[in-house]
Structure formats: structure tokens, C-alpha cells
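Work through the exercises below with the model open. Try each task before reading its solution.

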Amino acid sequence: QVQLVESGGGLVQAGDSLRLSCTTSGGAFSTFAMGWFRQGPGKEREFVAGISWMGSKTAYADSVKGRFAISRDNAKDTLFLQMNSLKPEDTAVYYCAAHGVDSQGNYFLSRSLAAYEYWGQGTQVTVSS
């Protein structure tokens, strides 16, 4: 059974940085596309960033482009999200998620929640002004 566990969240001030990690077990991490999503208070869960199975492709929400960086270490089955210049509107529970190939066996990277098969339990990030 694939398990994802996030860590690294916390309470910071606006302008600070945080690095989130997501460790995985029970599956072939290097064959999954990985993503970070977040859900702020009273908001729907939204895509933040994604990375392809070998790390050659990345995608970001416009709201975090230039401030956040997603990366992965396939040797350690770990996903990262470096968050810089944090803003109060970045306050949310951050989730990592994974998805495999499509129905034709093709690798792809999705921004859609529906495409992700496996989810972590989330880590809280709170940014004070």
C-alpha cells in the first residue's frame, strides 16, 4: 500500500521560507508523478506544484510561480517543496499526492486533483503578517 507522509510545516512570518518534505513507501516512487496541493480555510483544495516521474518537467500555480520550487530525490523516495517569500495567503494545509501512468500506460503530469491516486495526511503551514 502506498503511503505518503508530509513534514516541515509550521508557523512563520511573511517573507520567511519553509521546506516541506514528503516521504513515500510501499510503491515505486520513481514511476509516480508527484504533486503538492493545498487547502486554505474555507477554500477548496488547489494545485500548487507538480513534477514528472524523472523530474524533467515541473508545473506551478500562477500564485506561487517564482516563489516555490518542487523537486524530488528518487534515490530517497522523497518529494520536496521549497517555499520562499511566504505570504499570509499561503496559509493552508499542504498535501503531497502521487499518480501513475494513464490508461494507455503513458507517463504524464496532471494539475487535476482527480488524477492523483495517493494522498498524504497534510501538514499545516501558517504565515502571519
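The exercises cover a sheet, single residues, aromatic pairs and charges over rings in this predicted model.

**Exercise 1. The open sheet**

Give the order of the four strands in the open sheet, and name the edge strands.

*Solution.*
- Step 1. The order is β1-β3-β8-β7, and the pairing is antiparallel.
- Step 2. An edge strand pairs on one side only; here these are β1 (3–7) and β7.
- Step 3. Direction ignored, neighbouring strands of this sheet are turned by 15° against each other on average.
- Step 4. Now take one pairing. β1 and β3 (residues 18–25) are joined in the antiparallel sense over five bridges.
- Step 5. Within β3, C22 is the residue opposite E6.

**Exercise 2. The surroundings of Q13**

Place Q13 in its strand, and decide whether Q13 is buried or exposed.

*Solution.*
- Step 1. Q13 belongs to strand β2, which covers residues 10–13.
- Step 2. The relative accessible area of Q13 is 52%. The cut-off for exposed is over 50%, so Q13 is exposed.
- Step 3. Leave aside neighbours within four places in sequence: Q13 is then in contact with V127 and S128.
- Step 4. Compare C-alpha positions. Q13 and L86 are 73 residues apart along the chain, and their C-alpha atoms are separated by 7.6 Å.

**Exercise 3. Positive phi**

Find the loops that hold D77 and S85, and state the phi of D77 and of S85.

*Solution.*
- Step 1. Start from the background: most residues other than glycine have a negative phi.
- Step 2. D77 is not a glycine, but its phi is positive, near 50°. D77 sits in the loop between β7 (68–73) and β8 (78–83).
- Step 3. S85 is not a glycine either, and its phi is positive at about 50°. The loop between β8 and β9 (92–99) holds S85.
- Step 4. Check accessibility. D77 is partly exposed at 27%. S85 is partly exposed at 42%.

**Exercise 4. Aromatic pairs**

Classify the pair F32 and Y118 and the pair F37 and Y116.

*Solution.*
- Step 1. The model has six aromatic pairs.
- Step 2. For F32 and Y118, the centres are 5.6 Å apart and the planes are at 55°, which makes a tilted pair.
- Step 3. This pair links distant parts of the chain, 86 residues apart: F32 is in the loop between β3 and β4 (33–39), and Y118 is in strand β10 (residues 118–119).
- Step 4. F32 is buried at 11% relative accessibility, whereas Y118 is partly exposed at 23%.
- Step 5. For F37 and Y116, the ring centres lie 5.0 Å apart and the planes are at 80°. Planes over 60 degrees apart count as edge-to-face, so this pair is edge-to-face.
- Step 6. This pair also links distant parts of the chain, 79 residues apart: F37 is in strand β4, and Y116 is in the loop between β9 and β10.
- Step 7. F37 is buried at 0% relative accessibility. Y116 is buried at 5%.
- Step 8. F37 and Y116 belong to one aromatic cluster with F47 and W119.

**Exercise 5. Charges over rings**

Which ring lies under the charged end of R19, and which under that of R45?

*Solution.*
- Step 1. The charged end of R19 is over the ring of F80, 4.0 Å from the ring centre.
- Step 2. For R45, the ring is that of W119, and the charged end is 5.0 Å from its centre.
- Step 3. Return to the cluster: W119 is one of its members, along with F37, F47 and Y116.

Conventions. Residues numbered from 1 in each chain as written. Predicted model: local features only at pLDDT ≥ 70, side-chain atom pairs only at ≥ 80, totals over all residues. Heavy atoms only, no water. Helix = DSSP H or I, 4+ residues; strand = E, 2+ residues; numbered from the N terminus. Buried < 20%, exposed > 50% of the residue type's maximum accessible area, 1.4 Å probe, protein only. Contact = heavy atoms within 4.5 Å. Pairing = 2+ DSSP bridges. Axes fitted to C-alpha atoms, helices over the stretch in contact; angles between N-to-C directions. Phe/Tyr/Trp six-rings, centres within 6.5 Å; stacked < 30°, edge-to-face > 60°. Lys NZ or Arg CZ within 6 Å of the ring centre and 35° of its normal.
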